[in-house]
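Visitor: I am new to reading protein structures, and I would like to learn how the labels are earned. Could we look at one together?

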Amino acid sequence: MKNIYLVGLGAIGASFGARFVESRQSNFKVLVDENRYHRMNNKPVVVNGVEVAFDYIVPSQDSPKADLIILATKYNQLKEALDLIEPVVGRETQILSVLNGITTEDIIANRYGWNRTVYGICFGIDAVRENGEIRYGNIGRIVFGEAENSEKTDRIIAIEEVFKKNNVPYEIPDDFLRIMWRKFMINCGSNLTSAILLAPYGVYQEIPEAQSLMIDVMKEVMKIANAKGIALGQSDINGYMELLPTFDPAGKSSTHQDMEANRKTEVELFAGVVCNLGDELGIETPLHDMMYKMIVTMEKMRA
């Protein structure tokens, strides 16, 4: 794989994108629209105190076709991103999303086919964007693959080589769907509660009541997952709680950052999906019902 494109220079996209720029091992570029091109070319991106010289292009039919496209936008920007990449999607292009949620790959595959769609999420990153700069204490890893990876397919091996060359931490789990649901459970517990509490990771590290609330929210998701045949259990929650102390105490979830910046949050992706699945499956989700109403109310008040 030679031509590697990134869409989305938020905290996560810029943190991983900086690794590609530093290594100089791939033809790596950031895809932007015409408006962002003029704006971003004049504004350096600072990651952990270092200015990163990203190479931006506006994709056109004359642009080289992508071998790999990494999507790192917000969920509510996904349709725009899929429109943006169309000129550089070729027959062999692979599209890997690190967006949150359990529905992203279905949306990508509906547009470009499962032959181009790779499952992906990111785990463990505590990146924060504040005052125009991005910082992280733990970059975590990109977790990707087919739905089942006991034997790696050719395209997964090719992407693995790209990440190795560019010093991007990664993991290829045997059972990706279980890992995806585990991340979704963690996102709901961390992102939704922190959006309401405006609590950085240090609050969850130090205050037992905050930890208890987050765990109770995760348990609602676990019930939904189990009903869908996904074997999540208490050990998955325990694993996250063991990882939590490694996060930057000042770090903030993406939904917390959105709330502080008065941006549209991903509440539909988290609480909205859980509430809908609960209704379909006949499983009560009182915490998600309450948090959905609270966050939507907060958004409308700030609007």
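Visitor: Where is Glu299 placed?

Guide: Glu299 sits in helix H12, which covers residues 286–302. Keep in mind that this is a predicted model.

Visitor: Why is Glu299 called buried?

Guide: Set its value against the cut-off: buried means under 20% relative accessible area. Glu299 has 12%, so it counts as buried.

Visitor: Which residues does Glu299 touch, leaving out those up to four places away in sequence?

Guide: They are Lys264, Thr265 and Val267. For Thr265, the C-alpha atoms of the two residues are 8.0 Å apart in space, with their positions 34 residues apart in sequence.

Visitor: Let us move to Phe54. What makes Phe54 buried?

Guide: The same kind of step works here. The cut-off is under 20%, and Phe54 has a relative accessibility of 8%, so it counts as buried. Phe54 lies in a loop, between strand E4 (50–52) and strand E5 (56–57).

Visitor: What does Phe54 touch, not counting residues up to four places away in sequence?

Guide: Its contacts are Leu9, Ala14, Gly17, Ala18, Val21, Phe28, Val30 and Val45. Take Ala18: it is 36 residues from Phe54 in sequence, and the C-alpha to C-alpha distance is 7.9 Å.

Visitor: How do you know that Leu68 is buried?

Guide: Its relative accessible area is 0%, and because buried means under 20%, Leu68 earns the label. Leu68 is in strand E6, residues 68–71. Beyond its neighbours within four places in sequence, Leu68 has contacts that include Met1, Tyr5, Leu96 and Ile159. With Tyr201 the picture is one of separation: 133 residues along the chain and 33 Å between the C-alpha atoms.

Visitor: Now for the rings. How many aromatic pairs does a search of the whole structure find?

Guide: The search gives 11. One of them joins Phe144 and Tyr170, with 6.1 Å from centre to centre and 55° between the planes.

Visitor: Why is the pair of Phe144 and Tyr170 called tilted?

Guide: First, the centres must lie within 6.5 Å, and 6.1 Å passes that test. Next, planes under 30 degrees apart would be stacked and over 60 edge-to-face, with the rest tilted. An angle of 55° falls in the remaining group, so the pair is tilted. Phe144 belongs to strand E11 (residues 141–145) and Tyr170 to strand E12 (residues 170–171), so the pair ties together parts that are 26 residues apart in sequence.

Visitor: Are Phe144 and Tyr170 buried or partly exposed?

Guide: Phe144 has 0% relative accessibility, so it counts as buried. Tyr170 has 25%, and because partly exposed runs between the 20% and 50% cut-offs, that is its label.

Visitor: What makes the pair of Trp181 and Phe184 edge-to-face?

Guide: The ring centres are 5.8 Å apart and the planes meet at 85°. Since edge-to-face needs an angle over 60 degrees, the label follows. Both residues are in helix H6 (residues 176–197), where being 3 residues apart separates them by about one helical turn. Trp181 is buried, as is Phe184.

Visitor: Which residues do ring pairs link into a cluster?

Guide: Those are Trp114, Tyr119 and Phe176.

Visitor: Why is Asn167 called exposed, while Asn48 is partly exposed?

Guide: Exposed means over 50%. Asn167 has 51%, so it counts as exposed, whereas Asn48 has 36% and is therefore partly exposed. Asn167 lies in the loop between helix H5 (154–165) and E12; Asn48 lies in the loop between strand E3 (45–47) and E4. Neither is a glycine, yet phi is positive, about 60° for Asn167 and about 50° for Asn48.

Visitor: One last step back. How do you know that the radius of gyration of the protein agrees with a compact globule?

Guide: For 303 residues, a compact globule would have a value near 19 Å, and the protein has 19 Å, so the two agree. The C-alpha trace spans about 50 × 45 × 35 Å along its principal axes. The protein has 12 helices and 12 strands, and buried residues make up 55% of its 303 residues.

Note on methods:
Residues are numbered from 1 along each chain as its sequence is written. This is a predicted model: local features need pLDDT of at least 70, side-chain atom pairs count only at pLDDT 80 or more; totals for chains, interfaces and linings use all residues. Side-chain values use heavy atoms; hydrogens and water are left out. Helices (H or I, at least four residues) and strands (E, at least two) are DSSP runs, numbered from the N terminus. The radius of gyration is taken over C-alpha atoms; the globule rule is 2.2 Å times the number of residues to the power 0.38. Buried means under 20% relative accessible area, exposed over 50%, partly exposed in between (1.4 Å probe, protein chains only). Contact means heavy atoms within 4.5 Å. Rings of Phe, Tyr and Trp (its six-membered ring) pair if their centres lie within 6.5 Å; planes under 30 degrees apart count as stacked, over 60 as edge-to-face and the rest as tilted.
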